Amino acid sequence: MEQNKDAQVIVIGGGPAGSSAAILLAKAGIKVKLFDRDKHPRYHIGESGILSLPFILQLLGVEEELIAKGVKRKGGVFFDWNKKWLINWGVSGDYTYHVERSEFDHLLLEKARACGVEVFEEHKVKEILFEGKRPIGVRVENENKEKEYLCEHLVDASGRAALLSRKYFKCQKPLKAFQNVALWGYWLKAKEANSLKGFEDVDGYSSEIENPIVISSIPNGWIWAIPLHNKTLSVGVVLSQKHYDSKKKEMKRSDIYSEAILNSEVAKELLEPAHLVSPIGMTADWSYVTEKWAGDGYFIVGDAAVFIDPLLSTGMTSAMLSSVTCAACIKEIYKKKIPKEKIYQFYGEDYQRRFWRLSFVIGALYAAKGHPSDLFYKTHCLTSQDLDGAAYDDIKRSFSSVISGLEDLKEVTTSKLQKIAGERLRQNFKEYINLVPKMPYLPRNELELVFEPLGLEGALSTVE
Ligand SMILES: Cc1cc2nc3c(=O)[nH]c(=O)nc-3n(C[C@H](O)[C@H](O)[C@H](O)COP(=O)(O)OP(=O)(O)OC[C@H]3O[C@@H](n4cnc5c(N)ncnc54)[C@H](O)[C@@H]3O)c2cc1C
């Protein structure tokens with residue numbers, strides 16, 4: 001470590017992204033300081049995982065501890081979206097978890113501490129320090145006292161505060177199609193999703209599917225229902241900002257929430273025997289994307305870089321995957337074998353491929369009408385799978401693979417697949433903008449995705 005520095009890496013934020021990066025860096029022998037403004041455990045929304053989550057938890061070395069907390073396994077997704085259909089991950093033996101974020105985030109933060117990260121809770125980063133354009137440290141406030149810390153690399157994991165991209169670089173762009181508001185509450189004694197009427201005859205149904213999440217479309221939005229191991233059902237309502245604004249003139253927040261639930265047959269059925277045991281939480285739920293991902297002295301991970309509509313429950317796991325690649329990249333920088341600029345480029349382009357594909361799939365889902373096969377095919381065309389003669393099962397598998405994060409995992413370790421998927425994304429970009437007309441802000445270079453990538457395969461071996 002350079003003599004005048006306080007840490008090799010400073011991480012801002014102790015959410016899943018910040019802790020994951022810190023754990024992997026510390027495991028690689030890198031000196032890390034992590035600052036979070038809150039005292040953990042603290043409440044956070046965003047409870048449902050996707051299939052790539054267990055892989056990342058194993059890499060971090062926390063899956064066993066998480067299981068010991070009694071978290072629920074998740075084996076699929078029930079969609080009541082135009083019609084009833086489902087994705088059953090259990091048939092291939094795959095699973096993920098629903099987590100209570102206060103417990104989950106605390107577990108990760110404590111793991112970081114145990115790995116040797118210096119964790120500072122209730123330390124708010126007030127300012128990022130720069131030397132020219134390069135971030136070189138932070139000024140932090142704790143108990144009304146301020147102190148400066150210098151580092152060699154800064155990882156911004158500040159979540160939706162998005163310190164670097166919004167406040168300093170001013171390069172955060174909204175995705176106009178997803179300007180929503182989310183309202184949510186927790187219910188006791190709700191029915192189980194497996195007993196919902198009308199799913200028994202659906203392709204892929206089994207009464208054995210473990211704790212599926214239920215996603216239901218309603219006029220002007222959609223609903224989630226996530227069973228948690230504290231026996232509550234997390235039920236959220238996502239409404240377009242425009243619709244919410246018109247409603248709030250004449251209705252209370254709780255009434256808007258209740259009205260939305262009454263618009264969903266499956267939500268009504270799940271909650272028929274249940275009672276609400278929490279206040280109604282609320283947040284603006286606007287999707288955005290950064291224009292800068294990594295550069296001289298910094299990496300931006302998780303929600304500090306991008307936020308995608310939570311329709312497919314991808315945020316937390318995607319945030320953690322970005323931290324896996326970020327940690328691998330920083331380790332590569334210390335090895336000095338690959339020029340730093342190439343590493344920054346790899347990080348940004350790899351992240352963009354994942355982000356835009358998911359945004360397009362979510363946009364296509366919002367726009368979908370009738371049977372989901374068209375949606376499955378559109379998703380299939382954004383993967384590296386064979387396009388010729390693809391049968392229904394193939395395109396459904398592609399959809400499942402993308403929304404589960406497994407496609408991302410496969411690509412992140414295989415440069416050939418990255419290239420194919422990147423090329424397909426680029427070819428289809430215009431069509432997807434037309435599909436969801438108000439959707440994307442177009443990246444400047446129209447996704448210069450394909451280049452000689454670092455590949456996570458090698459990088460993973462460097463973080464162990
Ligand atoms: C309504 C809604 C529903 C969602 N549902 C899901 C879901 O079902 N599944 C899913 O995977 N995702 C979901 N998400 C997304 C998920 O919540 C996020 O993607 C995830 O929390 C991102 O993790 P992160 O570590 O990047 O950010 P965060 O978890 O937000 O962590 C950021 C941390 O930075 C700290 N911080 C911020 N500013 C400072 C500062 N100045 N100084 C020090 N510390 C600071 C904060 O205290 C916080 O601990 C949902 C999101 C919303 C809004």
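Student: By class, how many residues in the shell around the ligand are nonpolar, polar and charged?

Tutor: This is a predicted model. Take the shell class by class. Glycine counts among the polar residues. The shell holds 14 nonpolar, 16 polar and 8 charged residues.

Student: Which residues come nearest to the ligand?

Tutor: There are 38 residues around the ligand. Five names stand out as the nearest of them. They are Gly 15, Gly 46, Gly 159, Gly 302 and Gly 315.

Student: Which element gives the largest share of the shell around the ligand?

Tutor: α1 (16-27), β8 (124-131), β16 (281-290) and α9 (315-335) each supply at least two residues of that shell. The largest share is 4 residues. The element that gives it is α9.

Student: Which domains each give the shell at least three residues?

Tutor: One is built from 7-47, 100-171 and 291-335. The other covers 175-285. They are domain 1 and domain 2.

Student: Do β9 and β10 run parallel or antiparallel?

Tutor: β9 covers residues 134-142, and 6 bridges join it to β10. Val 140 stands opposite Lys 147 in β10. The hairpin of β9 and β10 has 2 residues between the strands, and Glu 143 takes a positive phi near 45° there. The two strands run antiparallel.

Student: Which residue in β10 is the bridge partner of Val 9?

Tutor: Strand β1 covers residues 7-12, and β10 covers residues 145-156. They run parallel, joined by 5 bridges. The partner of Val 9 is His 153.

Student: Which residue in β18 does Val 155 stand opposite?

Tutor: β18 spans residues 298-300. It pairs with β10 in the parallel sense, over 3 bridges. Opposite Val 155 stands Phe 299.

How values were computed:
Residues numbered from 1 in each chain as written. Predicted model: local features only at pLDDT ≥ 70, side-chain atom pairs only at ≥ 80, totals over all residues. Near = placed C-beta within 6 Å. Domains from an automatic or database assignment. Pairing = 2+ DSSP bridges.
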